[in-house]
Amino acid sequence: MFLVLLVLTPTGASAGSVRVVPAGNRHTEQPAIPGASVRRTQAGKTTFDLKYEKVRDLLASDDRLRSKIKATAAAYGIDPIHMVGAIVGEHTFNVDVYDTLQSYYVKAASYAGNSFRFAYDEESIADFVARPEFGACADETDSYHLWSCREDVWEKTFRGRTVGGKSYPNNRFSAVFFQPFYAGQTFGLGQINPLTALMLSDLVSKTSGVAKLDENDAAGVYKAIMDPDLSLAFMAGVLRKAIDDYRSVAGMDISRNPGVTATLFNVGNSLQRARILAAKNAASSSPVWPEENYYGWLVNDRLKELERLF
């Protein structure tokens, strides 16, 4: 089933130094599911099994959606099972799936024309990243490394600290500056957060012809992450970058393990995580493999069933 398409893969690691991550789960039992996910599911008077079955059935019954997934995956050189895994994981553990693809279009349209911006405590994101602390990021030429650099600066310099007389929350960059409505928000079929969309803007623009995103146009960013036709492209971009990061930085080919790619889609920060894994392997005499979390574990556990959808 797996199509090893590497046309977009960086060449930072030589072919001989890249280890193929074994298929399947490293954990014999599913890792613990976070309490927030459990409470959210209980509040909806449902179960993880029922939510899984609902999203699986939507994928099985919607030929149009499966066709879109196939076409998008092909454009980004990944097997569609990676996108299926991410969709299944998000709608099993984080949100309940809508009954039809059309419902996602209707929800996306409800945000059209809304006026809001990305900011914290009256300081816009544009003004914030213009601070001298972000000067080191000015040389980055693509959106992925630019926003990754800015996120690193946030973590090292601003998160939970007082800078220039102003205190900043001990929270993720995306949560502080990129959630104008409420905390914990990701939207749409792909459940992409706004910061991730900004990171992937150049790749998605180049590959799918989508207009580049602007942090000063928050409504435009939300359209990109809520419209299924655009959201699928950003989802594929996240997975493509995760595969590329682990190959070029950690010397690991994760393209044959959808549980690992689903895990990275869930937790984010694939570049930083690849660096950590590379350091662990540099200090170890035997391979240290990436591990799936509860979300990726489910994908690998149900892999044969999910593969039959395509």
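**Figure 1. A charge over a ring at Trp 147.** In this predicted model, the charged end of Arg 150 sits over the ring of Trp 147, 4.5 Å from the ring centre. Trp 147 also belongs to an aromatic cluster, whose members include Phe 128, Trp 154, Phe 173 and Tyr 222. A second view of this kind is worth a stop: Arg 302 lies over the face of Tyr 52, again with 4.5 Å to the ring centre.

**Figure 2. An edge-to-face pair of Phe 93 and Tyr 294.** The model holds 23 aromatic pairs. In the one shown here, the ring centres of Phe 93 and Tyr 294 are 5.0 Å apart, and the planes meet at 85°. Phe 93 comes from helix 4 (residues 80-93) and Tyr 294 from helix 15 (residues 294-301), so to speak two distant parts of the chain, 201 residues apart. Both of these residues, Phe 93 and Tyr 294, are buried.

**Figure 3. A stacked pair, Trp 154 and Phe 158.** Here the planes are at 10° and the ring centres 6.3 Å apart, so Trp 154 and Phe 158 count as stacked. Where do Trp 154 and Phe 158 lie? Both are in helix 7 (residues 143-158), 4 residues apart, or about one turn of the helix. An α-helix has 3.6 residues a turn, so residues three or four places apart point the same way. Trp 154 and Phe 158 are both buried, and the aromatic cluster includes the two of them along with Phe 118, Tyr 120 and Phe 134.

**Figure 4. The disulfide between Cys 137 and Cys 149.** The model has 1 disulfide, and its sulfur atoms are 2.1 Å apart. The torsion about the S-S bond of Cys 137 and Cys 149 is about -85°, so this disulfide is left-handed. Cys 137 is in the loop between helix 6 (125-129) and helix 7, while Cys 149 is in helix 7, 12 residues apart. Are these two cysteines, Cys 137 and Cys 149, buried or exposed? Both Cys 137 and Cys 149 are buried.

**Figure 5. Inside the largest nonpolar core.** This core has 83 residues, and among those with the most contacts inside it are Met 83, Ile 125, Trp 147 and Met 235. Which helix gives the most to this core? Helix 12 (residues 228-248) does, with 11 residues. Leaving aside neighbours within four places in sequence, Met 83 is in contact with residues including Ile 69, Ala 73, Leu 232, Met 235 and Leu 239. In soluble globular proteins, nonpolar side chains tend to be buried together.

**Figure 6. Helix 10 and its cover.** Ser 201, Leu 203, Val 204 and Ser 205 are the buried residues of helix 10 (residues 201-208). Their cover includes helix 7, helix 9 (194-199) and helix 12. Just after helix 10 comes Gly 209, with a positive phi near 75°.

**Figure 7. A buried lysine, Lys 51.** Lys 51 is found in helix 2 (residues 48-61). With a relative accessible area of 4%, Lys 51 falls under the 20% cut-off, so this lysine counts as buried. The C-alpha atom of Lys 51 is 9.7 Å from that of Asn 94, a residue 43 positions away along the chain.

How values were computed:
Residues are numbered from 1 along each chain as its sequence is written. This is a predicted model: local features need pLDDT of at least 70, side-chain atom pairs count only at pLDDT 80 or more; totals for chains, interfaces and linings use all residues. Side-chain values use heavy atoms; hydrogens and water are left out. Rings of Phe, Tyr and Trp (its six-membered ring) pair if their centres lie within 6.5 Å; planes under 30 degrees apart count as stacked, over 60 as edge-to-face and the rest as tilted. Buried means under 20% relative accessible area, exposed over 50%, partly exposed in between (1.4 Å probe, protein chains only). A charge sits over a ring if NZ of Lys or CZ of Arg is within 6 Å of the ring centre and within 35 degrees of the ring normal. A nonpolar core is a set of buried Ala, Val, Leu, Ile, Met, Phe, Trp, Tyr and Cys residues joined through side-chain atoms within 4.5 Å. Contact means heavy atoms within 4.5 Å. A disulfide is a pair of cysteine sulfur atoms within 2.5 Å.
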